[in-house]
Amino acid sequence: MSKSDKVVLAAPDLAELRTHKSEKWRTFPADVLPLPVAEMDFPVAEPILNTLRAMVDKSDLGYLGPIPEMGIAFSGFAQRRWGWKPDPLQVRIAADVGVGVVEVLRVTTKPGDKILINSPVYPNFYTWCAETHLVEVDSPLAHSESEVNGSHWVFNWDEIEKSYASGIKVHLISNPHNPLGRMYSVEELSRLADLAIKHNVLIISDEIHAPLTFAESTFHPFLTISENARKVGITITAASKGWNIAGLKCAIILTENEHLHTMLNAIAPATHYRASLLGGFATVAAFEKGEPWLETLMLQLDINRNLIKELIETYAPRIGYHIPHCSYLAWLDLTPFQLGEDPAAALVEKAKVAFVPGHRFGKQSSQFVRLNFATSPEILEEAFKRLSPVLR
Ligand SMILES: Cc1ncc(COP(=O)(O)O)c(C=O)c1O
């Protein structure tokens with residue numbers, strides 16, 4: 001039996017995937033196997049497709065107007081999933097999480113203000129800071145191996161407190177964390193919230209990966225953590241990662257505090273209708289009716305995250321890998337291979353497999369690459385067969 005036999009949610013074969021028009025399948029030449037950008041190769045959930053088909057059939061393709069369904073749908077999903085019932089009336093819409101973060105930053109900071117991030121982190125955290133002319137301050141997550149937690153990435157609390165005290169305006173966190181697949185604990189999030197109150201810092205929690213939490217882990221929405229968290233926190237999230245509809249363009253911004261809610265009233269009204277009508281109603285369908293599909297997806301991603309471990313043991317045992325607790329991204333440590341400044345570029349050339357280069361996530365990550373395992377086991381096995389001669 002091949003390592004790639006276990007399938008509960010099938011992805012199309014490579015020939016069909018190569019006809020897709022999305023970024024993942026258009027960025028590299030046909031002889032390169034693409035495992036970079038965070039799109040999944042699985043067919044979209046039926047309730048979402050039905051919503052889209054019905055709207056297309058009726059030529060209902062205008063601007064996004066009022067959509068009270070959104071707050072209700074997200075609130076219901078959050079309650080079933082995480083025991084959290086956010087106020088539907090404090091849910092706002094933006095075209096995507098990036099636009100949501102940028103628009104929130106525009107109305108809560110001024111150019112030259114300082115923003116804290118924790119590398120390694122999703123590369124657009126850097127571009128959003130640049131777009132809003134903020135001065136980015138990095139407090140890298142430190143890697144530690146502990147007997148209790150295994151491999152673990154932790155905040156440097158001294159550094160965080162010092163930077164909060166030095167006039168940081170906003171702390172942008174990826175909760176759960178891309179690329180580490182790490183969940184933050186209640187203790188960590190409540191410590192951040194308490195420090196933020198003390199030093200008058202706003203915390204923006206990017207929770208786009210939260211629906212993709214594996215069964216053994218618990219996701220803690222920032223706004224459920226404490227009264228302090230609700231006073232300092234703004235959450236931005238979407239169905240786009242969990243249900244693979246990023247091209248439809250819709251995300252949500254949430255507050256649970258009247259003062260912050262009022263502050264965000266300064267966001268330009270056009271932000272709402274720059275999201276798409278299809279995206280808005282596809283997102284409602286995902287939150288309302290997308291959980292059965294999500295459960296099946298998580299079973300496949302669980303198979304795949306364990307398959308990566310087996311494939312590494314078989315084909316390239318010196319790769320460093322820790323099984324993520326969330327999402328479909330594997331953070332691979334290629335330090336032993338001395339592949340130069342940009343290992344990802346070397347692997348495209350020598351193995352014809354594409355990853356996201358580690359240096360995009362932070363200065364200290366140049367010897368890492370990020371692999372996207374939301375694809376078929378066959379494609380994953382093919383990737384490791386190609387990598388094997390280079391990464392032995
Ligand atoms: C942490 C994080 N935030 C935001 C995004 C992108 O979201 P959007 O396409 O809605 O801007 C991603 C995409 O992978 C991500 O990983």
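Here are a few notes on the ligand site and helix α8 of this predicted model.

1. Start with the ligand. Its shell has 13 residues, and the closest of them are Val97, Gly98, Asn178, Asp206 and His209. By type, the shell splits into 5 nonpolar, 5 polar and 3 charged residues.

2. Two of the closest residues meet the ligand through their backbones. For Val97, a backbone N or O atom sits 2.7 Å from an oxygen atom of the ligand. For Gly98, a polar backbone atom is 2.9 Å from a ligand oxygen.

3. Asp206 uses its side chain instead: a polar atom there lies 2.5 Å from a nitrogen atom of the ligand. As for cover, the ligand taken alone exposes 390 Å², and the protein buries 92% of that.

4. Now to helix α8, residues 186-199. With 14 residues at 1.5 Å a residue, α8 should span 20 Å, and its end C-alpha atoms are indeed 20 Å apart, so the expected span and the model agree.

5. Which residues of α8 are buried? They are Glu188, Leu189, Leu192, Ala193, Leu195, Ala196 and His199. These residues cover an arc of only 165° around the axis, and therefore lie on the same side of α8. The spacing fits the general rule: an α-helix has 3.6 residues a turn, so residues three or four places apart point the same way.

6. Turn to the other side of α8 and you find Glu187 and Lys198, which are exposed. Worth a look in the viewer: Glu187 is exposed, while Glu188 is buried.

Methods: Residues are numbered from 1 along each chain as its sequence is written. This is a predicted model: local features need pLDDT of at least 70, side-chain atom pairs count only at pLDDT 80 or more; totals for chains, interfaces and linings use all residues. Side-chain values use heavy atoms; hydrogens and water are left out. A residue is near a molecule or strand if one of its heavy atoms lies within 4 Å of it. A polar contact is a pair of N or O atoms within 3.5 Å; within protein, one must be able to donate a hydrogen and the other to accept it, and residues adjacent in sequence count only if both atoms are side-chain atoms. Accessible areas come from the Shrake-Rupley method with a 1.4 Å probe; for residues, only the protein chains shown count as cover. Ala, Val, Leu, Ile, Met, Phe, Trp, Tyr, Cys and Pro count as nonpolar, Asp, Glu, Lys and Arg as charged, and the others, Gly among them, as polar. Helices (H or I, at least four residues) and strands (E, at least two) are DSSP runs, numbered from the N terminus. The expected span of a helix is 1.5 Å times one less than its number of residues. Buried means under 20% relative accessible area, exposed over 50%, partly exposed in between (1.4 Å probe, protein chains only). The arc is that of the directions from the helix axis to the C-beta atoms.
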